[in-house]
Amino acid sequence: MSNPATERFCDLVRQSLDDGTFVRLVLRPSASSTETDPPRRIVTRCIELRGQPHLSITAQHARQDRTWNLPLPEALAWLRAELMRTPKTAYLATTTRDWQWMTTSDGPRVVGHPPSQTAPPPRTHDQPHTTWLDESARDWLLALGLVDASGRPKPSAADKYRQIERFLEIAAHQLQHCGWLPATTTAPTAVPGTASPGPASTRTLTVVDAGCGKGYLTFALWHLLTRKAHHPVQLFGIEARPELVRSVQAVADRIGARGLAFVPGDIATVDLPGCDILMALHACNTATDAALLRGIRYGARLLLVAPCCHHQLRPQLRPPPLWQPVLRHGLLAGRFATWLTDALRVLFLEWAGYKVRVVEFIESEHTPMNLLLSAIRVRPPFRDPARRERILQLKETFGIQHHALDPLLNGSPTTDRADASV
């Protein structure tokens, strides 16, 4: 039997299709799904077939995708049955508001969010696959073992390929806001309706990837900046394992990746000439904070950080009485410490002059560590005492004595660029 929240969500989908505000609908099965081979997510878009609106539905499985089209009455019946069939989360994006349907211990509920996109996508059926990873990316994708000789993603690398595409989508959006990627760039993942920040600067950008690992996303950002934005860069991939540094540097040399270098060392101590953009994707525990400190002290304009494991705050948690019934459970306390760690990171970044977005980076069914903190410096740092006070209050509430970003509480020495016009 259906329920009011499910019916409301289906009505919101129907209404958005009727009034032309529909952008996309995404369903994600929960980790508790009992299906043998559940799709990792189901993505739908509205298309025109024989003059009639349809939903084009793509179920993304581990090895292959499955796509089919349904006219709207059948599509809405399919959606209602799908929501009732297995536990999942559903996201409806419209040009006026986004809606999330989720299952809770008290039953399904619907939550509204600001719109993530304010212009409707095209409804053509044979819409080409849109990606920044076109023919110009084949050399490094092939060298890193992500595609075959014809440029098709290898099945074994499908998750990594999607991760790269998602990263480029987020990075392109932020680079446009910074004025480093013109909004007029003919790129499919450019956000519709984004105002042009004017021509990109020609100053050489210094970019640091802290803990770059095998270099997948390092090459991706280099590709976006140099081959798509035609921007001069010095991009340094910092990695503590010398064997990985040698391997990815050999790839960079082989494809003639000008401006890209891989350096062995630790992000907290390695010698760097400066930093305009810093990314640290899945740097373990407080290595994420070490990267943030380095970027803030250099006055980096853009920070892209996907936190990994969190261990520092869990032993310190001393919850107030109201929270003790919840956090007396080890599993819940561990998960809460993760959220608290990242919430404090956001507050520290705001205190340091950044506007922060918290977005989903990797699908939650692929890894629970799926958040990305995307921060653009928009004001001089350490000028608003109210932001500092929020940090102190949150730490005091839960008994946190020390956070790795605490050096920022008294301000932090930065380069002159940190106080420049933003």
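Colour the protein chain by secondary structure to start: you should find ten helices and 14 strands. Keep in mind as you click around that this is a predicted model. Now switch to a surface view. The protein chain exposes about 19,900 Å², and carbon and sulfur atoms supply 53% of that area. Of the 422 residues in the chain, 50% are buried. If you turn on contacts and keep those with a sequence separation of 6 or more, 66% of them join residues 24 or more positions apart.

**Stop 1: strand E5 and its partners**

Select residues 88-94, which make up strand E5. Is this strand enclosed or open? Five of its seven residues are buried, so E5 is largely enclosed by the rest of the structure.

Next, add residues 22-29, strand E1. E1 and E5 run antiparallel and are joined by seven bridges. To see one of these, pick valine 26 and look across to tyrosine 91, its bridge partner in E5.

Then add residues 98-104 for strand E6. E5 and E6 are antiparallel too, with four bridges between them. Here you can click alanine 90 and find tryptophan 101 of E6 standing opposite. Follow the backbone from E5 to E6 and you'll pass through a hairpin of three residues. While you have side chains switched on, here is a handy thing to know: in a regular strand, they alternate between the two faces of the sheet.

**Stop 2: just before E1**

Step back along the chain to glycine 20, in the loop between helix H1 (4-19) and E1. Glycine 20 has a relative accessible area of 31%, so it counts as partly exposed. Draw a distance from its C-alpha to that of cysteine 46: the two are 26 residues apart along the chain and separated by 9.6 Å.

**Stop 3: strands E3 and E4**

Select residues 52-60 for strand E3 and highlight isoleucine 57 inside it. Buried or exposed? Isoleucine 57 is buried, at 0% relative accessibility. Beyond its neighbours within four places in sequence, this residue is in contact with Ile42, Val43, Thr44, Arg66, Thr67, Trp68, Asn69, Leu70 and Trp78. For one of those, Ile42, the C-alpha atoms are 6.9 Å apart, with the two positions 15 residues apart in sequence numbering.

Another name on that contact list, Asn69, is worth a click of its own. Asparagine 69 sits in strand E4, residues 65-71. Its relative accessibility is 29%, so asparagine 69 is classed as partly exposed. Show side chains and you'll see that of asparagine 69 making a polar contact with the side chain of serine 56, at 3.0 Å. You can also draw a C-alpha line from asparagine 69 to isoleucine 47: they are 22 residues apart in sequence and 8.8 Å apart in space.

**Stop 4: the largest core**

Now head for the largest nonpolar core, a set of 52 residues. Select Trp140, Phe167, Phe219 and Leu221, the residues with the most contacts inside it. Helix H4 (residues 158-178) gives the largest share of this core, nine residues.

Zoom in on tryptophan 140. What does it touch? Leaving out residues up to four places away in sequence, tryptophan 140 touches Leu133, Ile164, Tyr216, Phe219, Ala220, His223, Arg227 and Ile255. A separate second core has 43 residues, including Ala280, Tyr354, Phe398 and Ile400.

**Stop 5: aromatic pairs**

How many aromatic pairs does the structure hold? Seven. Stay with tryptophan 140 for one of them: with phenylalanine 219 it forms a stacked pair, 6.2 Å centre to centre and 15° between the planes. Tryptophan 140 is in helix H3 (residues 138-143) and phenylalanine 219 in helix H5 (residues 216-228), so this pair ties together parts 79 residues apart in sequence. Tryptophan 140 is buried at 0% relative accessibility, and phenylalanine 219 is also buried at 0%. Add Phe262 to your selection, since ring pairs link Trp140, Phe219 and Phe262 into a cluster.

For a last stop, select tryptophan 323 and phenylalanine 398. Their ring centres are 5.4 Å apart and their planes lie at 80°, so this pair is edge-to-face. Tryptophan 323 is in the loop between strand E12 (302-306) and helix H8 (324-327), while phenylalanine 398 is in the segment after helix H10 (385-397), 75 residues apart. Tryptophan 323 is partly exposed, at 33%, whereas phenylalanine 398 is buried, at 5%.

Definitions and conventions:
Residues are numbered from 1 along each chain as its sequence is written. This is a predicted model: local features need pLDDT of at least 70, side-chain atom pairs count only at pLDDT 80 or more; totals for chains, interfaces and linings use all residues. Side-chain values use heavy atoms; hydrogens and water are left out. Helices (H or I, at least four residues) and strands (E, at least two) are DSSP runs, numbered from the N terminus. Buried means under 20% relative accessible area, exposed over 50%, partly exposed in between (1.4 Å probe, protein chains only). Contact means heavy atoms within 4.5 Å. Accessible areas come from the Shrake-Rupley method with a 1.4 Å probe; for residues, only the protein chains shown count as cover. Two strands pair if DSSP finds at least two bridges between them. A nonpolar core is a set of buried Ala, Val, Leu, Ile, Met, Phe, Trp, Tyr and Cys residues joined through side-chain atoms within 4.5 Å. A polar contact is a pair of N or O atoms within 3.5 Å; within protein, one must be able to donate a hydrogen and the other to accept it, and residues adjacent in sequence count only if both atoms are side-chain atoms. Rings of Phe, Tyr and Trp (its six-membered ring) pair if their centres lie within 6.5 Å; planes under 30 degrees apart count as stacked, over 60 as edge-to-face and the rest as tilted.
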